[in-house]
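Subject: A structure for you to explore

Hi there,

Here is the structure I promised to pass on to you. Have a look at it first, and then read on for what turned up in it.

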Amino acid sequence: MIDIVLAKSKVEQNSTENTENLIKFLQAIHGNNPFEIRILAKDNFKSTRSILRYGDSLYIDSSRNNKVKTTKYSAEAFDSLLTLEYLSSMGGEVFFTVNSPHYDAMDTCKVSDRHIKEIGSINAQFVDIDAPTEIKQNKIKLKQWKRSIKEKILAFTLSPSIVVETRNGYHVYWLLENGNTRLFRYIQMQLVQFFDGDKKCVNESRILRLPWFLHRKNPNDPFAVKLRKFSPSKRYTQEQLKVTLPDLEEETLEKVLRVNAETEVFESIEISSGRKKEIINLILNHTGQVKQYENKITLHCCMPDHPDHNPSAWIDSDFMWYHCSGCGSSESIQDLAGKLGWKDVLEEINKYDIDIDSELQLIKDHFVDVKDIKNLTLSEQEQEVVDSISEKVFVKLISFGQRINVKHKDYIYKIVQVLFKANKDKPYLISLDMGAGKSLIIDIFLQEILKVSSAFGAVVVAERREDVKRIAKQLNESTEKNTAYPLYGFDEYECLKNEVEGVKLNHCKGKSCPFKKECRFWNQSNEHQNYPVVVMTAQRLNLQADELRKYSFYYKDKNVEEKRTREMLIIDEKPKFSFIESLNKLEFEKFNKIILNSLKTYSFEGDLEFYYEYKEAIDKIKPFYNFYDKSREIFRPLNNKFKFSDSFWGIFASVFDYTQIAYQIPNIIESIIKYGGHIDAKNLENVTITTSHYNDYRRFKLFKTVIFDGTADIDTDYKLEEYQACKFEPIRTYEGLTIYTSSLISGSKTSMRNEDKLKAFCKDVKTVADENPKEKIFLPVFKDIKGIVTGYLKTYIEKGQILISHYGSTRGSNKFKDCSIVILGGILHKTENYYIGKSMSMSNQKYNTHEGTNCSKYANVRRFNDKNIEKVKLLDMLVDYSQEIKRSKQRDNSQNVVGKVFVFHNDKIFLDLLSKKFPACKVEEWIPQNIVEMSIFKKKNNKNVQSICEYLMANLNPGKDIPFDEVRYDLGLSKQSFSNTLKNQKLVAFLTSHHIEIYKSGVRKIFVQSS
């Protein structure tokens, strides 16, 4: 069957006979049911290959990680495919699933416990008997140990159906008649107890070694896995095995639970001891209690078909596990509560206790009304200046068609007052609503002050390069002289070398460029010193936070070195406080190769000082990228005083422009060494290091600093005790805003890349557009799908009804202010690594403040077990969602704007926060019909749901009704199956979207479709 050069065995070489034997072996266990062959490459983490047999077809996983049919099933086809996959794994370890999955529940070819527990097939009870470590290392002792185990297997009352010899022991199978999941794990644990088997070999989807392949854990000494006994006619009931084996002891159960606590096998619930008590009390309300000692609560079995007169059940409160030694039930209390319909228990299990309201109140408590800040008191003459500037703002806003209410006017006066009277004690924080005119206030304030004060100087920070150019141009035009200088990075369209020589450089050539004397970019670091006002991007502010002193002065006359002070620092939009960067193994290797080569090339007369300085730093980090555990792990700083030399940065800045990705890499390297971070390892190749630290902008105190941030009142980034936070409540409420949410569909970045889902999503966007033909739609999507979405919605985009953008590019933009509808094309989630990094930076790398970095599911929402990280995540997302919504017509604070927002989200905690940010808004359910139908009909996860949907679409018309019994009879469904299917969330959504309702007519229930 297999012809491998790697390490051929006699067993592997006998192709035809092996294929026949292999098929007989699998047929005896699975019959015609599905099964998976799983091939683990030599490096278990690097790649796993799966082959799924279902009916007359063979399936493999595509590059998009979904199962695809590859060929019809036959002995020859199976042999060819298995050979190909085995060769591709470079002679990996070959396993198979003993129990059969439910094909329709599977998205990929990889079987999980859920696929078997939900209508799969239990084919056998089995045990993996493995020699102790000290015996494995001695061939003579191993041989003796195997002989003793063989005698024990042969002596067992119920002779096994199949015995397979592995390198270090035996896999023993008892084939079943009508096996079920209820007794499966109980008997598995009995077998583990009796034969001292592998305690991890107890779950439904366990894979075991396939005979006729090599055990290659020791590549220098491979072992051919052998079929030692094959009696497929020997079959037993689970009851026979249960009564023959010794009763399961509590000690065994606890050992198994402990071994599997960190795996998905027993899916233990990660909750606090306080909540465990609450959950246990709710369970005992249903069951009653006999007695309790330490972590064990004894009770009568609660299974309806087990009359348990002598209490034989207990709950382990440490592992939250239910077990009955009488009937064999053994499952998590979550599964137990689901099976018995204990809604109160399920609600408590899925409840996530987190107090965001108190966190928000702590933020709000720092904000003070401007009239209560003593140093901002105005003299009569100062009041006249403030009034004059404010009036000019009013006039300009009115000329734009905005109405200004009393509260809005008062806020404008107060902001101009802050700008006029600010001092250097603390930076001032203005939390004015987006759309209230903050950019206009800044523009007019600067224009007017520059006209009346020849000594005034300022640093102004804007988010976008085009805003930097605009502000400088407006100030120069209003003052009719060169007052402001725009400071920004390399621009290929302004590059003189590109223009004259016709090349297409995307970064500066530096000292070697013949045009540097006339080059704006090359000379700007000196040129800005001749202007009272310098305008820069937020990116430059972040990168040069420690170098702000060089921007704190300018020269009155370029020919006379008379310094003047730029006293003000005005920042429009929040500066970047948390430095959070992730660098995966591929990027680490790629960019550091580029940087090292560049440093070598640009070295002066062969002096490699900076090359070696950088190389020494990255060599310290390299070992972290060989992290093997498939997990996350926090690591501490390597050297908390580390810093690249100023000379290194001088050379580096002459080689790379700050707009290039490579410019960031030394900052990341420096942060990893100085501040530590965490490693996220998916496998040996997919290793990401995330590092973070807090940028406290100490140099802000060189200036009278004023920061404008419309979401500062909900943002955890600010250490508010270090700021003078000025209180500006929302100018209006949002009665006209309706937020439509869909909790049925995942809006994750990965799921939105699915081609079929993307098409369906675009159809739903078209539906919204067609239902609102006079309204403009703002559609932000993920960057990597923007081109595809643009293609699908081309007509709507060309006629200007839909304005599309990608997340991350809309900050500071006013392009979407006329859009009354916002459709968020995916969940705004910055990755778990980002939120861990942000939380660490906010705590100043205090490692003991974090309980861990893992997540658990609560009511189908993935949350951090550490509530500090979860708070950071929720409030960060709230900031992002609020800003996207306020880029639309909702930025108009002069009136109650009618608008709609469509969003994918099933997080009730977050949706509650969003509704509080937009007080008086309405939240309603959104059913994106095309995506719902795509998920029903494309994914074959529930044929009953498909059948009912297809039947109703074919037979139901407005005004006509169809009885339940008629549908059930025509589809051949049992009452129980039909009743359970009607509870399916997507079927309920389908009925709602098609205006199909359920009514009771006498004793009968009927489907009715309204027009």
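Let's start with a pair of strands: β16 and strand β17 (residues 321-324) run antiparallel and are joined by four bridges. Strands here are DSSP runs of E with at least two residues, helices are runs of H or I with at least four, and both are numbered from the N terminus. Two strands count as paired if DSSP finds at least two bridges between them.

Before going further, please keep in mind that this is a predicted model, in which local features need pLDDT of at least 70 and side-chain atom pairs count only at pLDDT 80 or more, while totals for chains, interfaces and linings use all residues. Residues are numbered from 1 along each chain as its sequence is written, and side-chain values use heavy atoms, with hydrogens and water left out.

Back to the strands. On its other pairing, β16 meets strand β15 (residues 296-299) in the antiparallel sense, over four bridges. Tryptophan 314 is a good residue to click on: its bridge partner is threonine 298, and it also stands opposite histidine 323 in β17. The hairpin of β16 and β17 has four residues between the strands, and methionine 320 takes a positive phi near 50° there.

Which way do the residues of β16 (residues 313-316) point? Ala313 and Ile315 point one way, Trp314 and Asp316 point the other way, and all are buried. In a regular strand, side chains alternate between the two faces of the sheet. Buried means under 20% relative accessible area, exposed means over 50%, and partly exposed lies in between (1.4 Å probe, protein chains only).

For contrast, visit asparagine 220, in the loop between β10 (214-215) and β11 (223-224). Asparagine 220 counts as exposed because its relative accessibility is 75%. From asparagine 220 to aspartate 355 is 135 residues in sequence and 57 Å in space, C-alpha to C-alpha.

Now zoom out. The chain has 35 helices and 42 strands, and its C-alpha trace spans about 105 × 85 × 60 Å along the principal axes. Of its 1011 residues, 54% count as buried.

Next, the empty spaces. On a 1 Å grid over the protein atoms alone, a cavity is a set of points where a 1.4 Å probe fits but cannot get out; a pocket is an open set with protein on both sides within 12 Å along at least five of seven lines, and lining residues have an atom within 4 Å of a point. Grid points are joined across faces, edges and corners, and a volume is the space filled by probe spheres set on the points.

How many cavities of 30 Å³ or more are there? The count comes to four, and the largest has a volume of about 90 Å³. Of the 14 residues lining this largest cavity, Phe490, Cys495, Cys508, Cys513 and Cys519 are the closest to its centre. The elements giving two or more residues to that lining are α18 (496-501) and α19 (520-527).

The second largest pocket has a volume of about 1500 Å³. Its lining has 45 residues, and Leu543, Gln544, Glu547, Trp649 and Tyr663 lie nearest its centre. The largest share of this lining, six residues, comes from α23.

Enjoy exploring!
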